Amino acid sequence: MVFLNKLGAQLKFWIGLKQTSQEAGWKWTDGSFPRTMYWQYRQSSWSRPRTQSCAAFNSFQSSLWDIRSWSHEMCSLQLEWVCEKKASSSLIFS
C-alpha cells in the first residue's frame, strides 16, 4: 500500500479483494482470506450493500502509522488495477 501511495495523490486501484457472500466474507482472487484489512474509517467489511462487493485501494495522506485506505466499490466501476508479482532481488527501490 505504501508503494501504491507513492504513485500519486487521489488514485484508486482494484486490489483483487471481493466479498463473496455475507457468510464467507472477503476473499482474494487466489481464494485465500485476508489476514489483515485496511478499511477507511467509517467503512467496515460489512458496511455496504451487496451490490458494492469489491475493495479498492485509495491514496492516503502520507502517514505510515495510519494506512487505512480500502473502500467498498461497485465491481462494475472502471478503475486501474494492481497485480501481485514476486519481488526480484535484482530490483532495488529507493
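Reader: In strand β4, which residues lie on the two sides, and are they buried or exposed?
Author: This is a predicted model. Strand β4 spans residues 70–73. Trp70 and His72 lie on one side, Ser71 and Glu73 on the other. Both faces are covered, and all of these residues are buried.

Reader: In which sense do β3 and β4 pair, and over how many bridges?
Author: Strand β3 covers residues 54–58. Its pairing with β4 is antiparallel. The number of bridges is four.

Reader: Which residue of β4 is the bridge partner of Phe57?
Author: Phe57 bridges to a residue in β4. That strand runs over residues 70–73. The partner is Trp70.

Reader: How many salt bridges does a search of the whole structure find, and which side chains meet?
Author: The search covers the whole structure and finds one salt bridge. Its N to O distance is 2.8 Å. The side chains that meet are Lys12 and Glu73.

Reader: How many residues apart are Lys12 and Glu73?
Author: The pair links distant parts of the chain. Lys12 sits in strand β1, residues 12–21. Glu73 belongs to strand β4. The two are 61 residues apart.

Reader: Which of these two counts as buried, Lys12 or Glu73?
Author: The cut-off for buried is under 20% relative accessible area. Lys12 has 28%, so Lys12 is partly exposed. Glu73 has 14%, so the buried partner is Glu73.

Reader: Which cysteines form the disulfide, and which hand does the link have?
Author: The structure holds one disulfide. Cys54 and Cys75 are joined, with S to S at 1.9 Å. The angle about the S-S bond is 100°. The link is right-handed.

Reader: Where do Cys54 and Cys75 lie, and how many residues apart are the parts that the pair ties together?
Author: Cys54 lies in strand β3. Cys75 is in the loop between β4 and β5 (80–81). The disulfide therefore ties together parts that are 21 residues apart in sequence.

Reader: Is Cys75 buried or partly exposed?
Author: Buried requires under 20% relative accessible area, and exposed requires over 50%. Cys54, at 11%, is buried. Cys75 has 33%, so Cys75 is partly exposed.

Reader: How many residues has the largest nonpolar core, and which strand gives the most to it?
Author: This core has eleven residues. Among them are Phe13, Ile15, Leu17, Ala55, Phe57 and Trp70. β1 and β3 each supply at least two. The strand that gives the most, with three residues, is β1.

Reader: Is Ala55 buried or exposed, and which residues does Ala55 touch?
Author: Ala55 is in strand β3. Its relative accessibility is 1%, so Ala55 is buried. Leaving out residues up to four places away in sequence, Ala55 touches Phe13, Trp14, Ile15, Leu17, Trp26, Trp39 and Ser71.

Reader: What separates the C-alpha atoms of Ala55 and Cys75?
Author: The two residues are 20 residues apart along the chain. Their C-alpha atoms are separated by 8.2 Å.

Reader: In what order do the elements of the protein chain run?
Author: The chain has one helix and five strands. Start from the N terminus. The order is α-β-β-β-β-β.

Reader: Among contacts between residues at least 6 apart in sequence, what share joins residues at least 24 apart?
Author: The chain has 94 residues, and buried residues make up 30% of them. For contacts between residues at least 6 apart, the share joining residues at least 24 apart is 64%.

Technical notes: Residues are numbered from 1 along each chain as its sequence is written. This is a predicted model: local features need pLDDT of at least 70, side-chain atom pairs count only at pLDDT 80 or more; totals for chains, interfaces and linings use all residues. Side-chain values use heavy atoms; hydrogens and water are left out. Buried means under 20% relative accessible area, exposed over 50%, partly exposed in between (1.4 Å probe, protein chains only). Two strands pair if DSSP finds at least two bridges between them. A salt bridge is a side-chain nitrogen of Lys or Arg within 4 Å of a carboxyl oxygen of Asp or Glu. A disulfide is a pair of cysteine sulfur atoms within 2.5 Å. A nonpolar core is a set of buried Ala, Val, Leu, Ile, Met, Phe, Trp, Tyr and Cys residues joined through side-chain atoms within 4.5 Å. Contact means heavy atoms within 4.5 Å.
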